[in-house]
Amino acid sequence: MRYGILSDVHGNLEALDATIEALTSDRIDVFVCLGDIVGYGPDPNECLERIWSLTSEVIAGNHDHAAVGRLDLATFNHNAAEAALWTMQRLTRTGRHYLSELPLTFRHGEVLAVHAAPSHPERWPYLLSPEQVASEFRSFPEDTRVCFVGHTHTPAFFEHTHETGCRRVRLSDRPVRFERRCIVNAGSVGQPRDGDPRAAYVVYDTDTGEIEIKRVCYDLQTTQKKMRRAGLPEMLAARLGQGR
Ligand code: ZN
């Protein structure tokens, strides 16, 4: 079975289309979307339509909840809150209904997926270091081998160890074959923050046990142009070019 994992699309249609196109040659059996389909970007409704025609395996992110009034915007920084309000005013009724109904977790065989953290999906904590990730391994069953997360917009691979609880596995452009339980951050399709502006996504093959974090270029100038035309905060448009 081959999984295609997408996270944090954030209303960036150009990045999403480039990712879906790249995944068509990857022989994917199940697509999973880890949430934050909307927020920040200029095409929330179009991205929702793409996602719901791609897969029914979709979970909610904090920006999805914010866009339907389920999360207090006081928890967001100024630019994120402004973009969330912009999104809220533009969502179609169908889009709003769809986002309100999304679950917080996805489980399929040995695979678990949450937007932020398996211990408290509804609190949206940021898992950045092996120390923060270590205790997360106790929050889901031993027979769940892989937990996919998003939220930080930074691809990362954390492996369970008996000695320290968790270690970070160095990423390269080759697949990682994992032997122990792991928590994998799929990065972000629509607003990467690891210094690489290309869209990020993951392919997981359960037969080979290989997980690959992949990147694809997209036409980010078009997305930036749309954001500026829409009056979204300039900082949000500029950061796409830096991948920060
Ligand atoms: Zn996000």
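Student: Why is the arrangement of the 4 donor atoms around the zinc ion irregular?
Tutor: In this predicted model, the 4 donor atoms subtend angles of 85 to 177 degrees at the zinc ion, which makes the arrangement irregular. Four donors count as tetrahedral if all angles lie between 85 and 135 degrees, and as square planar if opposite donors are over 155 degrees apart and all others between 65 and 115; anything else is irregular.

Student: Which protein residues are the donors of the zinc ion?
Tutor: They are Asp-8 (OD), His-10 (NE2), Asp-36 (OD) and His-153 (NE2), at 2.0 to 2.3 Å from the ion. Donors are N, O and S atoms within 2.8 Å of the metal (3.2 Å for Na, K and Ca); water is not among the atoms, so sites may look incomplete.

Student: Where do His-10 and Asp-36 lie?
Tutor: His-10 is in the loop between β1 (2-6) and α1 (13-24), and Asp-36 is in the loop between β2 (30-33) and α2 (44-54), so the pair ties together parts that are 26 residues apart in sequence. Helices (H or I, at least four residues) and strands (E, at least two) are DSSP runs, numbered from the N terminus.

Student: Is His-10 buried or exposed?
Tutor: His-10 counts as buried because its relative accessibility is 1%. Buried means under 20% relative accessible area, exposed over 50%, and partly exposed in between (1.4 Å probe, protein chains only).

Student: Changing topic, how many residues of α1 are buried?
Tutor: In α1, 9 of the 12 residues are buried, among them Leu-13 and Ile-20.

Student: How are the residues numbered?
Tutor: Numbering starts from 1 along each chain as its sequence is written. Local features need pLDDT of at least 70, side-chain atom pairs count only at pLDDT 80 or more, and totals for chains, interfaces and linings use all residues, while side-chain values use heavy atoms, leaving out hydrogens and water.

Technical notes:
Four donors count as tetrahedral if all angles lie between 85 and 135 degrees; four count as square planar and six as octahedral if opposite donors are over 155 degrees apart and all others between 65 and 115; anything else is irregular.
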